[in-house]
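Here is a short report on one protein chain. It goes through helices, the core, charged pairs and a few local features.

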Amino acid sequence: MAYKAPVRDLTFILNEVLEIDRYTNQPGFEDISSDLVGQILEEGAKFAEEVIAPINHSGDKEGCHWAEGGVVTGPKGWKEAYQAMVAAGWPALSADPAYGGQGMPAVVGMAFGQFTAGASAAFSMYPGLTAGAYAGIHANASDELKTKYLPRMATGEWGGTMNLTEPQCGTDLGMVRTKAVPQGDGTYKITGQKIWISAGEHDFTDNIIHTVLARVEGAPAGIKGLSLFLVPKFLVNEDGSIGERNALMCAGLEHKMGIHGNATAVMQYDGATGWLIGDEGRGMNNMFVVMNEARLGTGLQGLAIGAAAYQAALEFAKDRLQGRALTGPKNPDGPADSIMVHPDVRRMLLEAKAFVEGGQAFILWTALQADLEKSADEATAQKAKDYMGLLTPVLKAYLTDKGFHVASLGMQVHGGSGYTEHFQASQYLRDARITMIYEGTNGIQALDLVGRKLPSQGGRAIMSWFADIDAFVGDNGGEGPVKPFVDGLADAKKKLQDGTMWLMQNGMANPDNAGAASTEYLNLFGITALAYLWAQMAKAAQGKIDAGSDDPFYVTKMQTGRYFVERILPDAGAHLAKMKTGAEVLMQMPVEAF
């Protein structure tokens with residue numbers, strides 16, 4: 001199956017739904033036009049299809065190689081593909097021009113990111129982890145560190161990672177044991193072990209810049225005692241040249257269910273030289289910049305894998321001949337009809353398509369908020385920042401859940417063939433599964449949503465979001481083909497508001513109620529977010545149809561959206577009903593009875 005980047009879908013969202021030409025007065029958009037964005041995505045699609053996608057399956061089969069001394073090499077052809085990406089300038093797309101970046105808005109970078117992750121999730125993690133480390137250093141480090149390291153991270157010439165997890169702690173980072181000892185010259189000696197470090201060691205770049213969470217000697221226990229450090233694989237001389245090897249190495253690679261082409265490393269630090277990023281004791285605050293970048297990227301990755309799995313399933317379904325249509329043969333001259341005639345196969349494909357296209361819009365809408373955070377208008381910037389905080393856990397968890405669900409549907413469409421390794425359905429399912437776990441498990445995202453993001457600033461973000469939806473519903477009620485989308489959105493929003501009030505009334509009285517309701521609430525939030533984006537897409541598509549367009553793209557968009565409204569959106573009621581049952585049925589059973 002030849003992967004095809006969804007250029008038409010994303011340009012429709014960017015240009016006709018989000019209307020990015022309206023934002024030329026915002027920072028980063030001054031020189032941006034829909035025509036330029038279209039050209040960038042066309043070229044990005046070619047790179048993803050012609051350079052990255054062809055090595056995805058072979059990279060899954062071969063995996064990465066570890067040798068004595070901590071030397072790691074990637075699958076055949078991956079180093080060359082990565083270096084071609086750097087030479088073409090793709091990693092620098094949205095990086096700061098002050099450090100050699102191209103300064104494109106985040107929404108453009110996230111569009112290109114959907115192409116690379118769809119072409120190969122494991123490959124896309126190398127530039128993705130670098131972008132996350134770059135963001136953390138850019139936001140918090142001294143000018144000296146930024147000047148020294150960011151230019152070659154921005155271009156992708158140097159890689160980057162985030163080092164949080166240790167054998168004894170994953171989610172509970174307050175248990176971190178890696179220690180940092182100040183040397184009196186502005187440097188620290190970092191000692192400890194980190195595990196599950198994506199892109200932790202490889203042969204693609206001349207240097208790898210690790211961002212490492214550690215506890216300064218004498219700092220208090222728990223989260224408040226953590227600091228963030230920049231620890232390069234190779235020390236960098238004053239003139240910017242590569243110096244001696246730092247005291248760190250890859251002690252081994254994890255053997256994983258999927259993403260075999262990415263080097264998931266065990267990193268050992270033995271008195272490695274590091275530099276403080278930001279202030280001591282602010283490690284978690286500073287690391288959240290990296291983590292939030294990674295969480296958005298993970299949501300994108302999970303959804304993009306689903307998009308590729310859908311493409312593969314659709315191609316298979318069109319070619320696979322099995323049985324006859326219930327209404328009579330559609331391929332009378334052949335031995336059987338294609339499985340596209342069967343309603344249940346169409347159900348699976350339409351469910352996949354509706355989640356994928358709604359998720360693509362949710363990603364880009366959220367990425368636009370990241371751009372609007374930089375607005376000179378204080379109210380615009382604050383609202384965008386509020387939305388980023390509120391929606392990041394929703395996007396990460398909901399889209400990775402649905403990306404995996406779509407990959408599972410894709411395998412089901414393939415039938416027994418999908419369970420073999422002759423087709424890529426198995427790889428998509430295996431690759432997608434990790435996205436629900438790393439960068440904070442989806443259950444943790446749900447707890448973050450109900451415990452931190454909802455009550456933040458007295459609920460300012462959620463109230464603003466509800467007001468925006470109400471305004472959209474009020475402006476677009478009317479009659480006609482868009483009405484079911486608007487009515488469905490209004491109903492979902494009402495249920496989400498009901499669920500929010502239930503949490504306020506029951507979560508504080510018994511925190512277990514909030515924990516027990518959190519995943520169902522997040523799913524209710526996610527389905528409402530997709531309803532909002534589908535309503536916006538329906539408005540844009542129907543507008544083109546009403547204006548006389550005969551492009552079948554718009555008709556197909558409306559048909560796909562109808563499936564979402566009629567066959568997916570009703571699940572909102574089930575999520576609300578389940579969350580309202582509270583904690584009793586979950587918590588009353590004694591542990592020994594399980």
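Helix α16 has 17 residues, and at 1.5 Å a residue these should span 24 Å. The end C-alpha atoms of α16 are 23 Å apart, which agrees. The coordinates come from a predicted model.

Many side chains of α16 face other parts of the protein. The buried residues of α16 are F553, Y554, K557, M558, T560, G561, Y563, F564, V565 and I568. They pack against five helices: α1 (7-17), α9, α14 (483-506), α15 (511-546) and α17 (571-579).

α16 also carries charged pairs. R562 and E566 meet in a salt bridge within the helix, at 3.1 Å from N to O. R562 and E566 are 4 residues apart in α16 (residues 552-568), so about one helical turn separates them. R562 counts as partly exposed because its relative accessibility is 48%. E566 is partly exposed as well, with a relative accessible area of 47%. K557, one of the buried residues of α16, belongs to a network of salt bridges with D9, K353 and E357.

**Helix α5**

The second helix to look at is α5, residues 106-119. α5 has 14 residues, for which 1.5 Å a residue gives an expected span of 20 Å. Its end C-alpha atoms are 20 Å apart, in agreement. Of these 14 residues, 12 are buried, so α5 is largely enclosed by the rest of the structure. Among the buried ones are V107, V108, M110, F112, Q114, F115 and A117.

Two residues of α5 show what surrounds the helix. Leaving aside neighbours within four places in sequence, F115 is in contact with Y3, A5, P6, V7, L10, L41, G44, A45 and A48. A117 is also in α5, and it counts as buried because its relative accessibility is 3%. Not counting residues up to four places away in sequence, A117 touches S124, L300, Q301, A304 and I305. A117 and A308 are 191 residues apart in sequence, but their C-alpha atoms are 9.0 Å apart in space.

**The nonpolar core**

Which residues touch the most other members of the largest nonpolar core? They are F115, L364, W465, Y521, F525 and F564, out of 194 residues in that core. F115 comes from α5 and is buried there. F564 is among the buried residues of α16. The largest share of the core, 19 residues, comes from α8.

**Salt bridges**

Side chains of opposite charge can pair when their charged atoms come close. The model has 28 salt bridges, counting a Lys or Arg side-chain nitrogen within 4 Å of an Asp or Glu carboxyl oxygen. Three of the pairs are set out here.

| Pair | N to O distance |
|---|---|
| E201 and R245 | 3.9 Å |
| D337 and R324 | 3.1 Å |
| R562 and E566 | 3.1 Å |

The E201 and R245 side chains meet in a salt bridge. This pair links distant parts of the chain, 44 residues apart. E201 sits in the loop between β5 (187-198) and β6 (208-216), and R245 in strand β9 (residues 242-245). E201 counts as buried because its relative accessibility is 3%. R245, at 35%, counts as partly exposed.

D337 and R324 also meet in a salt bridge. Both are in the loop between α8 (283-319) and α9 (343-372), 13 residues apart. D337 is buried, with a relative accessible area of 0%. R324, at 30% relative accessibility, counts as partly exposed.

**Backbone and surface**

Most residues other than glycine have a negative phi. Where does the backbone show a positive phi of about 55 degrees in a residue that is not a glycine? Q457 has this value. Q457 lies in the loop between α12 (442-453) and α13 (460-476). Q457 is exposed, with a relative accessible area of 56%.

E19 has a positive phi too, near 50 degrees. E19 is found in the loop between α1 and α2 (34-52). E19 is partly exposed, with a relative accessible area of 36%.

On the surface, V585, L586 and M587 form a nonpolar patch. Together these three have about 310 Å² of accessible area. M587 is in helix α18, residues 584-587.

How values were computed
Residues numbered from 1 in each chain as written. Predicted model: local features only at pLDDT ≥ 70, side-chain atom pairs only at ≥ 80, totals over all residues. Heavy atoms only, no water. Patch = residues over 30% accessible without salt bridge, like charges linked within 9 Å, V, L, I, M, F, W, Y side chains within 5 Å. Areas by Shrake-Rupley, 256 points an atom, 1.4 Å probe, with all protein chains shown as cover. Helix = DSSP H or I, 4+ residues; strand = E, 2+ residues; numbered from the N terminus. Buried < 20%, exposed > 50% of the residue type's maximum accessible area, 1.4 Å probe, protein only. Expected span 1.5 Å × (residues − 1). Core = buried A, V, L, I, M, F, W, Y, C linked by side-chain atoms within 4.5 Å. Contact = heavy atoms within 4.5 Å.
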